[in-house]
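Q: I am new to this structure. Please take a close look at the cysteines and the strands around them, and take me through that part step by step.

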Amino acid sequence: MKKFNKEVRVSVDADQIGQYLLSLTNQSANAEAFIEAVVGYGIHKDTIGGIFMSALTANSPETKFVIGDECISTERLYVYNPVTEQSEYQDMGLCKIINVNVYAEDQYEVEYTRMTKANGMQRNTEWVNANKLTLIVNF
């Protein structure tokens with residue numbers, strides 16, 4: 001199996017993670033290629049610590065929001081401003097969670113509206129990281 005020779009955030013050697021995952025599978029070449037792809041991608045995206053801890057503790061990642069939640073997003077978008085009649089960067093603002101993928105870097109697909117010069121208000125969807133969302137609490 002390929003040696004990664006890198007250490008991840010949880011202070012576990014990436015090669016040890018690969019060896020641990022390999023011990024859970026059959027010893028085929030396909031298993032090694034798969035594990036190298038998972039560990040390599042996890043190192044690249046800096047998510048290998050969470051993946052490995054989930055595997056060790058048999059826990060799935062948790063979500064902060066559920067489908068249907070309304071949030072305020074600080075995701076920056078290039079939108080048309082009718083006051084200045086120019087496009088500019090603004091926060092997404094009000095949005096609604098329409099899909100969740102706990103394994104993605106941007107875990108939440110949201111629906112929002114934005115102003116366009118040609119079409120006026122337009123509905124869009126975009127995947128957003130949980131760190132850029134704040135739940136709107138309705139009383």
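A: In this predicted model, Cys95 counts as buried because its relative accessibility is 3%, which is under the 20% that marks the limit for buried residues. The number of disulfides in the structure is 0. Cys71 takes part in none, and its nearest cysteine sulfur belongs to Cys95, 5.3 Å away. Cys95, likewise, is in no disulfide, with the sulfur of Cys71 as the nearest one at 5.3 Å. A disulfide requires two cysteine sulfur atoms within 2.5 Å, so a separation of 5.3 Å does not qualify. Cys71 is also buried, since its relative accessibility is 0%.

The strands come next. Strand S1 covers residues 70-81, and strand S2 covers residues 86-100. S1 and S2 run antiparallel and are joined by 10 bridges. One position along this pairing is Arg76, which stands opposite Asp91 in S2. S1 and S2 form a hairpin with 4 residues between the strands, and in this hairpin Glu85 has a positive phi near 55°.

S1 has another partner. Strand S5, residues 133-135, pairs with S1 in the antiparallel sense over 3 bridges. Within that pairing, Ile72 has Thr134 of S5 as its bridge partner.

Glu75 also lies in S1. Is Glu75 buried or exposed? Glu75 is buried, because its relative accessible area is 16% and the limit is under 20%. Apart from neighbours within four places in sequence, Glu75 contacts Gln90, Asp91, Met92, Glu126, Val128 and Lys132. Asp91, one of these contacts, is the residue that Arg76 stands opposite in S2.

From S2 the path goes on to strand S3, residues 108-116, which pairs with S2 in the antiparallel sense over 4 bridges. Asn99 has Glu109 in S3 as its bridge partner. S3 in turn pairs with strand S4, residues 120-128, also in the antiparallel sense, over 9 bridges. S3 and S4 make a hairpin, with 3 residues between them. Here Glu109 appears again, standing opposite Trp127 in S4. Glu109 therefore has a partner on either pairing of S3: Asn99 and Trp127.

To return to the starting point, Cys71 and Cys95 are buried, and neither is in a disulfide.

Note on methods:
Residues numbered from 1 in each chain as written. Predicted model: local features only at pLDDT ≥ 70, side-chain atom pairs only at ≥ 80, totals over all residues. Heavy atoms only, no water. Buried < 20%, exposed > 50% of the residue type's maximum accessible area, 1.4 Å probe, protein only. Helix = DSSP H or I, 4+ residues; strand = E, 2+ residues; numbered from the N terminus. Contact = heavy atoms within 4.5 Å. Pairing = 2+ DSSP bridges.
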